[in-house]
Amino acid sequence: MARSIEEVLKEVRIEEVKLEPAITVAGDTSLEEIYRLLEASPHGAIVVLEDTRIVGIFTERDVLYRTALEDLDPDTPIEELMTPDPTTIAVSERLAAAVRVMTERGYRHLPLVDGEDRYLGLLASRDVLGFIADHFPEAVLNLPPHLHQKMLTPEGG
C-alpha cells in the first residue's frame with residue numbers, strides 16, 4: 001500500500017533531503033555585496049555566521065521590508081539589517097517538524113544546525129516542494145491549475 005505524503009514527511013529526516021548549498025557571510029558584509037550575493041543565491045536568503053554559529057539571516061523579504069524605501073549607505077553592514085538569532089532546526093529532525101515550523105511561523109527558509117548548534121545548511125520551502133514532487137510525482141502533476149478548482153471530468157482520451 002502506498003504511503004501518504006504526511007506519512008513520508010513524518011519518517012524522513014531533514015538530512016536525507018537534497019539541498020542546494022546556501023550562501024553564508026560575516027556580519028560586516030556590506031549591503032551592496034549582499035544584493036550581489038542574493039541575486040546569485042538559489043534560496044533568496046543568506047545566512048550570517050560568526051565562525052560556525054548562526055547570528056542572523058537576511059532574505060528577499062528583508063530587502064522589501066527593511067531596505068526598499070530606505071536611503072541606506074551601500075556600505076551598511078548586514079548585521080544592522082539582518083533578522084538576528086533566527087529560528088533553527090536540527091538536521092536530525094523529521095521533515096514534518098520543519099514543515100510545521102515553516103508553516104506556523106510563515107518562514108520560507110529555515111537554517112539547519114547540528115547537535116551543537118553549528119550551521120550545516122539551509123532548508124527552503126522549495127526544497128520541501130522538490131522533495132514532495134520527486135517522491136509523489138503523480139500527486140503533483142495531477143493537481144488542477146488553480147488551488148480550489150474542481151475538475152468535473154477527467155482530461156485526455
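## A charged patch and its surroundings

Asp 28, Glu 50, Asp 51, Glu 79 and Glu 80 come together on the surface as a patch of negative charge. Please keep in mind as you look around that this is a predicted model.

Let us start with one member of that patch, Glu 50, which belongs to strand 2, residues 45-50. Is Glu 50 buried or exposed? Its relative accessible area is 53%, and because exposed means over 50%, Glu 50 counts as exposed.

**The overall layout**

Stepping back, the protein has six helices and seven strands. Reading from the N terminus, these elements follow the order α-β-α-β-β-α-β-β-α-β-β-α-α. The protein has 157 residues, and 37% of them are buried. Its exposed area is about 10,300 Å², of which carbon and sulfur atoms supply 51%. What share of the contacts between residues at least 6 apart in sequence joins residues at least 24 apart? That share is 57%.

**Two threonines**

Thr 29 sits in the loop that links strand 1 (23-25) with helix 2 (31-40). Its relative accessibility is 13%, and since buried means under 20%, Thr 29 counts as buried. Which residues does Thr 29 touch, leaving aside neighbours within four places in sequence? They are Ile 34, Thr 76, Pro 77 and Ile 78.

Thr 103, by contrast, is a residue of helix 4, which spans 95-105, and Thr 103 is exposed, at 60% relative accessible area. Thr 103 and Ser 125 are 22 residues apart along the chain, with 9.5 Å between their C-alpha atoms.

Here are the three residues with their values side by side:

| Residue | Place | Relative accessible area | State |
|---|---|---|---|
| Thr 29 | loop between strand 1 and helix 2 | 13% | buried |
| Glu 50 | strand 2 | 53% | exposed |
| Thr 103 | helix 4 | 60% | exposed |

**The buried side of helix 4**

Helix 4 also has buried residues, namely Leu 95, Ala 96, Ala 97, Ala 98, Val 101 and Met 102. For reading such a list, it helps to recall that an α-helix has 3.6 residues a turn, so residues three or four places apart point the same way.

What do the buried residues of helix 4 pack against? Their partners include two helices, helix 1 (5-11) and helix 5 (125-135). Strand 5 (89-90), strand 6 (109-113) and strand 7 (119-124) are packing partners as well. Just after helix 4 comes Gly 106, which has a positive phi, near 70 degrees.

Key: Residues numbered from 1 in each chain as written. Predicted model: local features only at pLDDT ≥ 70, side-chain atom pairs only at ≥ 80, totals over all residues. Heavy atoms only, no water. Patch = residues over 30% accessible without salt bridge, like charges linked within 9 Å, V, L, I, M, F, W, Y side chains within 5 Å. Areas by Shrake-Rupley, 256 points an atom, 1.4 Å probe, with all protein chains shown as cover. Salt bridge = Lys/Arg side-chain N within 4 Å of Asp/Glu carboxyl O. Lys, Arg positive; Asp, Glu negative; His and termini not counted. Charge placed at Lys NZ, Arg CZ, Asp CG, Glu CD. Helix = DSSP H or I, 4+ residues; strand = E, 2+ residues; numbered from the N terminus. Buried < 20%, exposed > 50% of the residue type's maximum accessible area, 1.4 Å probe, protein only. Contact = heavy atoms within 4.5 Å.
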